[in-house]
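Work through the exercises below with the coordinates open, and try each task before you read its solution.

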Amino acid sequence: METAQQVPPAPAPSGSGAEPGVDTAVSVRELRQNFGTVQAVRDVSFDVARGEVFALLGTNGAGKTTTVETLEGFRRPSGGQVRVFGANPYGQPARLRGRTNAVLQNSGVFPELTVAETVDLARDLCDDPRPRGRTLEMVGLTDRASAQVRSLSGGEKRRLDLALAVLTRPEALFLDEPTTGMDPEGRRDLWDLVSGLREENVAVLLTTHYLEEAERLADRLAIMHHGAIREEGRLADVLSTWGDRIGFRMPDHLRLADLPELPGAEAEVDVRGGEPWARYTVTGEDGDGRAHRAMAALLEWADRTGTTLGRLELRTASLEDVFLSIADDTAGPASQ
Ligand SMILES: Nc1ncnc2c1ncn2[C@@H]1O[C@H](COP(=O)(O)OP(=O)(O)OP(=O)(O)O)[C@@H](O)[C@H]1O
């Protein structure tokens, strides 16, 4: 890829994301987790408030599961601090019993029981469980109540995992890739379920590889890479930082150096659909006016030079743009 000027580096993560006055359920401060020489989590900080859905995105091995497992109390932090409702989940698990629950990547249910028996068994261990019928309804398993767990599809097992998590009426819920293996309908059902939990003022921390899931669900999100948070905030704010995109088919007779300088914009030439593609990334404080100004300057140049801008488009940065830019940073932790 040919680049006129360096695209600005990813903005520094904003830190905790804490908003004054909100009722914090989960607090992570400069969390570090090492496995021998592997730094799986590196100085990660964020908060999740009651009634908020926070999505943790990231590349494979970014440290999402390790972070969630630490919040569940399965791991003692190598450094930093995590608190759930003010308690240390590793040192004070009794203080959190009944207040949190999780859907992990590997579930531990008995294959020979039926769905209904599994839910009843879990209800027996819980102080104030949701009714079985309501729980199965929430996760869309009503019709499978009498099915043996061993006969469930992967997506149905995931729904059962969710049932076991929501029946305890948790105040904070940790969902580690909850929709993996689910069909699109199951995924939409989960989105509805999570939205309902938000209405119940539950704090939801969700890891996912589905960007659309984060876009639909998350009040705030973070993108992890090589153990560190590289972006964090509300989706609109994150996208705004990464700028608007103007693109057009690169005219055959032009090279990158021939393209005009546009206010607040940086140009590059890439390939799209097998054709050379010119793209400007427009950044700046004035999120509403910046693209307008850059586009006006581009059109003025095109008119003046008699250049046709084929398939001209203007769009805001997408979450996929941001994610891929972060994921493309192959330099790793040393570069941060
Ligand atoms: N028990 C362990 N021992 C050694 N290394 C581990 C252990 N658990 C995780 N790791 C390493 O820590 C890093 C973070 O792993 P983690 O599972 O937290 O990533 P992730 O973001 O959840 O990845 P994925 O999206 O692939 O599930 C990886 O390099 C992984 O290999």
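The exercises that follow concern a predicted model, and they go from the whole chain to a helix, a residue and a ligand shell.

**Exercise 1. Describe the overall layout of the protein chain.**

Start with the secondary structure, which comes to 10 helices and 14 strands. Next, take the extent along the principal axes, where the C-alpha atoms fill a box of roughly 75 × 45 × 40 Å. Then consider the division of the chain into domain 1, covering 24-238, and domain 2, covering 243-316, whose C-alpha centres lie 42 Å apart. Finally, turn to packing: of the 336 residues, 38% count as buried, and among the contacts with a separation of 6 or more, 71% are between residues 24 or more positions apart.

**Exercise 2. Determine which residues of helix α10 are buried, and how they are arranged around the axis.**

First, list the buried residues of α10, a helix that spans residues 319-327: these are Leu-319, Val-322, Phe-323 and Ile-326. Because they cover an arc of only 95° around the axis, they are on the same side of α10. As general background, an α-helix has 3.6 residues a turn, so residues three or four places apart point the same way. Then examine the other side of α10, where Glu-320 and Leu-324 are exposed. The last step is to identify the partners of the buried residues, which pack against β4 (53-58), α7 (211-217), β9 (220-225), β10 and α8 (235-241).

**Exercise 3. Decide whether Glu-231 is buried or exposed, and relate its position to α10.**

Begin by placing Glu-231 in strand β10, which runs over residues 228-233. Now apply the cut-off, by which a residue is buried if 20 or more other C-beta atoms lie within 10 Å of its own. Glu-231 has 25 other C-beta atoms within 10 Å and is therefore buried. For the relation to the helix, recall that β10 is among the elements against which the buried residues of α10 pack; the C-alpha atoms of Glu-231 and Val-322 are separated by 8.8 Å, although the two residues are 91 residues apart along the chain.

**Exercise 4. Characterise the shell around the ligand.**

The residues that surround the ligand include Phe-35, Val-38, Asn-60, Lys-64, Thr-65 and Thr-66. Sorting the shell by class gives 4 nonpolar, 6 polar and 1 charged residues. Assigning the shell to elements then shows that β3 (38-49) and α1 (64-71) are those that give two or more residues, and that α1 gives the most, with 3 residues.

Note on methods
Residues are numbered from 1 along each chain as its sequence is written. This is a predicted model: local features need pLDDT of at least 70, side-chain atom pairs count only at pLDDT 80 or more; totals for chains, interfaces and linings use all residues. A residue is near a molecule or strand if its C-beta atom, placed from the backbone, lies within 6 Å of it. Helices (H or I, at least four residues) and strands (E, at least two) are DSSP runs, numbered from the N terminus. Ala, Val, Leu, Ile, Met, Phe, Trp, Tyr, Cys and Pro count as nonpolar, Asp, Glu, Lys and Arg as charged, and the others, Gly among them, as polar. A residue is buried if 20 or more other C-beta atoms lie within 10 Å of its own, exposed if 12 or fewer, and partly exposed in between; C-beta atoms are placed from the backbone. Domain bounds come from an automatic or database domain assignment. The arc is that of the directions from the helix axis to the C-beta atoms. Two residues are in contact if their C-beta atoms, placed from the backbone, lie within 7 Å.
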